[in-house]
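Welcome! Please take a moment with the sequence and the 3D view before reading on.

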Amino acid sequence: MSSAHTKTEHGHADHNYLNHGSGIWSWMTTLDHKRIGLMYFATVATLFLIGGFFALGIRLHLAKFGAEPLLDPDTYNKFMTFHGAIMVFMVIIPGIPAFLGNFVLPIQLGAKDVAFPRLNLASYYIFIAGALIAASSMIFNQVDTGWTFYTPYSTAKTSNGVILLVLGAFTMGFSSILTGLNFIVTTHKLRAPGMTMDRIPLMIWALYSTSIIQILATPILAITLLLIGAEKTLGVGIFDPDLGGDPVLFQHFFWFYSHPAVYIMILPAMGVISELITAFSKKTIFGYRAIAYSSVAIAAVSFLVWGHHMFVSGQSTLAGIVFSIITMFVGVPTAIKLFNWISTMYRGTVTFEAPMLFALGFMFLFTIGGLTGVFLASTGMDVHFHDTYFVVAHFHYVMVGGTLMALMGGIYYWFPKMFGRMTSDLGGRISWVLIFTGFNVTFFPQFVLGAMGMPRRYFDYLPEYTNLNQISTVGSWLIGLGFLVGLITIIHGIFKGEKASDNPWGAKTLEWQTSSPPPHENFTTTPTVTAGPYDFR
Amino acid sequence: MSWSSLIPATSFMPIQATEIAKEVDLLYAFLIISSLVSFVILIGGMTWFLIKFKRTSLDQKSAYITHNNFAEFLWSFIPLVIMMGIFYWGMVIFEKLRTPPEDIAAEIHVTAEQWAWTYRYANGKEFYSSANDPMIVPAGKATKLILTSKDVIHSFYVPAFRTKQDAVPGKLTQLWFEPKQAGEYIVFCTEYCGTKHSGMMIKIKAIPSEEYAAWYHAEKKGADSPADLGKTLFAQKACASCHSIDGARIVGPTMKGLFGSSRKFADGSQAKADENYLRESILVSSAKIVEGYPPAMPVFQGQLSDEDVANLIEYIKSIK
């Protein structure tokens, strides 16, 4: 909404949420959603570095540059497990909602904070507790099951470290549920005067849909993980065939959460992209309702497609067919979003600062990820590709290329609001070039490897797969370098960045109508909203 | 198919050793082409707009366009139609992959374990697999595998046949293929199964069917075939006191012609009597009670080994 429509005044430039209290204790006990968001940022970034270390280790091993393998099989399997578990449960799932969502959601709604600030802080500490419990499995009884913990391998054939890792994921699940709850209540109850549901920014629609999934699906994961613990310690025999259980039942439970979880990862990314595309095209988003409702549609359909992970598990042919057709439906709202974003650029005035480059990178990678998803949704095709590198390439394009591109774009975009300073645009562009190039060099060859038949989670492989694996490894170094440049750019921005104005991008949503950084309670005067969120006239 | 070979991407696929592999590759070629077209429309369109509508001066104004119902309908409806087509095409192939033909020339029980496969032929020939002891099958004829696992889940994947099936402990799954020509084909395990997951590789060697017949009957390992062993077990466990083998109705349903027949159950549901049904009925008969019979059979779970069950199934199959 343009400033003519909103009545906000800037707080004193020298008094903001960053200096509202001082000392480490004021941060650790803060109830301010912006500070909690930044605490998630620091935590998730640290975990990302650890998960990235394992990724680079895996790739370096698979390049087979030396005569001797870099890792032994058991260590490799542990690297693969920790890479997956950390990146999924501790980086990509909480990344955008808990970090960017926490920072942005209340300001975009014109609220002083989330509905339950104490619960918000508790969610953060629950997340930390979960991460520590999970990380302790790196020290005691390392886990080698892969992040999916398939039974009976996880229950009958491997170390008890699994219990720690699943307990950690279980605990982090509570954080996820409580954050989701907080966001839903905040969205319904704390919108500024005049902000009807069809005037909330698309970032909020995305976070709102995500929150619904978090609340409904995460308990299923929690129960499933508890059952693994019970199976391992008490031998209850739900999944273990030796005790009369059904190992495939675990997969049903697991994917009933973990498939919707894919959308917990990607929907917030789509929200970020919607904000970036409109801001850097200086044009009203095309098809606001279509984008908003397609988020809700994706959330709804996401619950009905879990069986597409199990086309070759021994479930009935009919079940495979039903899951295949429902999976195809997800493609429609996804295509709608892509078309809407592209149409937003039509007759706009587009600029190419670093956040926009990441948004465009997202579109590129997500399109490839989405199209290859259709290959896998098709039953007859999936039988060949299932559990090969084609799948690895596909979900990295979607989850990593998509979500991390959006996360990086979102960081550069909201950075001036967070810290009152700008990041170096050159630094942002260099990190973008490296990450974008690196992703394609790393993961595109994996589509080919998958078509050639190379299975995933392989410590060793046939000689004909060597060249492509080596190219992929070189790409992974580019990604690593890109994130390193990104990190330097961000740290440099925090301490040495140019002072940012209140609205450096000329965006229209409410967070840009308050000062940079915002005061403790976001606005000195409650804003009144009189128009839609992207009114570039 | 000739036009699909125009797509370089299909050349990354393994050799097409079965008819189905050709069909899969045709769908693959279609998906590659339609993806390329979609990619060009989306990303090409995006790039064109980026160049054409790049901001050139500070006071430039964007157009004010909020939506366009007709365009939005088109770009929802067209992808839906295309995706339904792809769904249907995939389903047709999937059903072929999953439905073995009537005339099976070789039937092999395959048991996976960490980290090897054991295969057992109908006449009792048995192999504990390794890379230099390939699974011998007839070329040009259909082979059916009945898969299970001793410990964790494994998966039997033959890239050249474009087919794959998990081997699940406590369950029988099946897979079939018909290699067009003699040759050796690699089998991978594709369900992560621990330390030597990537080392769990064997080969399928398809040989001309006359050669196969000679090999199959030569130097028979072990005295009895699984069906013979099953017959002995059938007598030992006194199965015949409730199940006739000549079609007579006694306490339980007859075994005559049971395999492959359609069963109607007390709860009104129906199923075809396949290996998995027999296995379940032997171990826990109460799972599915045939209509018109009492739920009288004892539970054999824990009393019979996987091998015993496989032998019994082979015997029951032989009672035609």
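This report looks at the two chains in turn, then at where they meet, and last at some salt bridges.

This is a predicted model, in which local features need pLDDT of at least 70 and side-chain atom pairs count only at pLDDT 80 or more, while totals for chains, interfaces and linings use all residues. Residues are numbered from 1 along each chain as its sequence is written, chains are lettered from A and ligands numbered from 1 in the order in which they are written, and side-chain values use heavy atoms, with hydrogens and water left out.

**Chain A**

Chain A has 15 helices and zero strands (helices are DSSP runs of H or I with at least four residues, strands runs of E with at least two, both numbered from the N terminus). Its C-alpha trace spans about 70 × 45 × 45 Å along the principal axes. The radius of gyration of chain A is 23 Å, which agrees with the value near 24 Å for a compact globule of 537 residues (it is taken over C-alpha atoms, and the globule rule is 2.2 Å times the number of residues to the power 0.38). Of these 537 residues, 68% count as buried (buried is under 20% relative accessible area, exposed over 50%, partly exposed in between, with a 1.4 Å probe and protein chains only).

**Chain B**

Chain B mixes six helices with twelve strands. Its radius of gyration is 27 Å, well over the 20 Å that the globule rule gives for 320 residues, so chain B is more spread out than a compact globule. The C-alpha trace of chain B spans about 95 × 50 × 40 Å along its principal axes, and 52% of the residues in chain B are buried.

Helix 5 (residues 275–283) of chain B is worth a visit: seven of its nine residues are buried, so this helix is largely enclosed by the rest of the structure. Its buried residues pack against several elements of chain B, including strand 1 (106–113), strand 5 (143–149) and helix 6 (306–318).

**Where the chains meet**

Here 88 residues of chain A are in contact with 73 residues of chain B (contact means heavy atoms within 4.5 Å). The area buried between chain A and chain B is about 7,200 Å², with carbon and sulfur atoms giving 71% of it (this is the accessible area, with a 1.4 Å probe, that two parts lose on being put together, summed over both). Between chain A and chain B there are zero salt bridges.

**Salt bridges**

Over all chains the count comes to 15 salt bridges (a side-chain nitrogen of Lys or Arg within 4 Å of a carboxyl oxygen of Asp or Glu). Three of them are listed here.

| Salt bridge | Closest N and O atoms |
|---|---|
| Asp460(A) and Lys64(A) | 2.7 Å |
| Glu275(B) and Lys144(B) | 2.9 Å |
| Glu280(B) and Lys288(B) | 2.7 Å |

Asp460(A) lies in the loop between helix 14 and helix 15 (466–496) of chain A and Lys64(A) in the loop between helix 2 (33–63) and helix 3 of chain A, so the pair ties together parts that are 396 residues apart in sequence. Asp460(A) is partly exposed at 34% relative accessibility.

Is Glu275(B) buried or exposed? Glu275(B) is buried, with a relative accessible area of 3%, and Lys144(B) counts as buried at 7%. Both belong to a network of salt bridges with Glu107(B), Glu314(B) and Lys317(B). By contrast, Glu280(B) counts as partly exposed at 28%, and Lys288(B) as partly exposed at 30%.
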